[in-house]
Amino acid sequence: MSKQPGIYSDIGKDATDLLYGDYNMQPPICYHFNWLDWSLNLSGGVRASVPGQEIRTLLKFYLPYQRSNKVELQYLRDYFGYTAGISLTKSPLISFSGVIGNGFFNTGADISIDAETDILAKCDAGLSFNTDILTASLTLSDKADTLRAHAYRQIQPLTHTGIAAELMHQFSSKQTTLTLGAQHSPFPFMLIKARAASDGSLATLFQHDLLSRFCLTIGAEMNVMDAINTASLGVSLSLKV
């Protein structure tokens, strides 16, 4: 097992990627055209590695939700990793995060500060356990209002078959939600995912590699407990260069 604990966003990442990654989720601000909502996001980075350590520089750019435009520097080595970033806006957010651990047990924190007002915008903390059988994590976010427990189990690596669970509790609303999900690749170029939550929300995703660099994703979501019972469908095309 690697001695590098990764970065803070790696805590619970296997489970959150299975449950929420690539689903039909638009940012808070997106373009509207009749019944269509759409947005554009670009990301890229440069990686430099030497024995025992790694440095990454990342750029993330979103349209029209420019609040998420960001430049980030990541530094990873044995037993610790940290990141520093700044959003590319008129009122930038400066973020710092750090993780310490040995790969099996990791713990860390993530904070963001509004550079214009010097107000603490985010303060999250988390810990994770990583074994060959199960990956588990516990995080506290939204300024100590949301507690999440994640678990991920890889069943068959060759077919990317796995299951995940999330138990979330919000202290302000006293609401607890359990979400379960699974994924499977029937073919090397295809991925199918689905999830269901105790609040009635259901989602499914179909992902297909069209060519070596293009990936088509189709996702659908609905809530069976919603009185209006509306469903949403999303399509995205990604290009890897």
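# Reading burial, strands and salt bridges

Me: I see that Arg47 is exposed, at a relative accessible area of 59%. What does exposed mean here?

Reply: Exposed means over 50% relative accessible area, buried means under 20%, and partly exposed is the range in between, using a 1.4 Å probe and protein chains only. Before we go on, this is a predicted model, so local features need pLDDT of at least 70 and side-chain atom pairs count only at pLDDT 80 or more, while totals for chains, interfaces and linings use all residues. Residues are numbered from 1 along each chain as its sequence is written, and side-chain values use heavy atoms, leaving out hydrogens and water.

Me: Thanks! Which residue meets Arg47 in a salt bridge?

Reply: In general, side chains of opposite charge can pair when their charged atoms come close. The cut-off used is a side-chain nitrogen of Lys or Arg within 4 Å of a carboxyl oxygen of Asp or Glu. Here the partner of Arg47 is Glu54, with 3.0 Å from N to O. Unlike exposed Arg47, Glu54 is buried, at 11% relative accessible area. Arg56 joins in too: Arg47, Glu54 and Arg56 are linked in a network of salt bridges.

Me: How many salt bridges are there in the whole structure?

Reply: The search finds seven. One of them joins Arg195 and Glu221, at 3.2 Å from N to O. That pair connects distant parts of the chain, with Arg195 in strand E14 and Glu221 in strand E16, 26 residues apart. Arg195 is buried, at 11%, and Glu221 also counts as buried, at 19%.

Me: Where is the salt bridge between Asp17 and Lys13 placed?

Reply: Both residues are in helix H1 (residues 13-20), four residues apart, so about one helical turn separates them. Their closest N and O atoms are 2.6 Å apart. Asp17 is partly exposed at 33%, and Lys13 is partly exposed at 36%. The labels come from DSSP runs numbered from the N terminus: helices (H or I) need at least four residues and strands (E) at least two.

Me: Now the strands. How do E13 and E14 pair?

Reply: Two strands pair if DSSP finds at least two bridges between them. Strand E13 (residues 175-187) and strand E14 (residues 190-197) run antiparallel and are joined by seven bridges. They form a hairpin with two residues between them, and His184 of the pair stands opposite Ile192 in E14.

Me: Which strands come after that along this run of pairings?

Reply: E14 pairs with E15, again antiparallel, over seven bridges, with Ala196 opposite Leu202 in E15. Their hairpin has three residues between the strands, and Gly200 there takes a positive phi near 100°. E15 is then joined to E16 (residues 214-223) by nine bridges, antiparallel, in a hairpin with four residues between the strands. Ala203 stands opposite Glu221 in E16, and that Glu221 is the salt-bridge partner of Arg195. Finally, nine bridges join E16 to E17 (residues 231-239), also antiparallel, and Met222 faces Ala231 in E17.

Me: What about Gln207: is the residue buried or exposed?

Reply: Gln207, in strand E15 (residues 201-209), is buried, with a relative accessible area of 14%. Its side chain has polar contacts, meaning pairs of N or O atoms within 3.5 Å; within protein, one must be able to donate a hydrogen and the other to accept it, and residues adjacent in sequence count only if both atoms are side-chain atoms. The side chain of Gln207 reaches that of Thr217 at 2.9 Å and that of Asp22 at 3.2 Å. Beyond four places in sequence, the residues that Gln207 touches (heavy atoms within 4.5 Å) include Phe189, Leu191 and Cys215.

Me: Last one. Which residues make the nonpolar surface patch?

Reply: Patches take residues with over 30% relative accessible area and no salt bridge, joining like charges within 9 Å and nonpolar side chains (Val, Leu, Ile, Met, Phe, Trp, Tyr) within 5 Å. Areas come from the Shrake-Rupley method with a 1.4 Å probe, and for residues only the protein chains shown count as cover. This patch covers about 880 Å² and is made by Tyr31, Phe33, Trp35, Leu36, Trp38, Leu40, Leu42 and Phe61. Strands E1 (31-33), E2 (36-38) and E3 (40-50) each give two or more residues to the patch. Trp38, in E2, is partly exposed at 41%.
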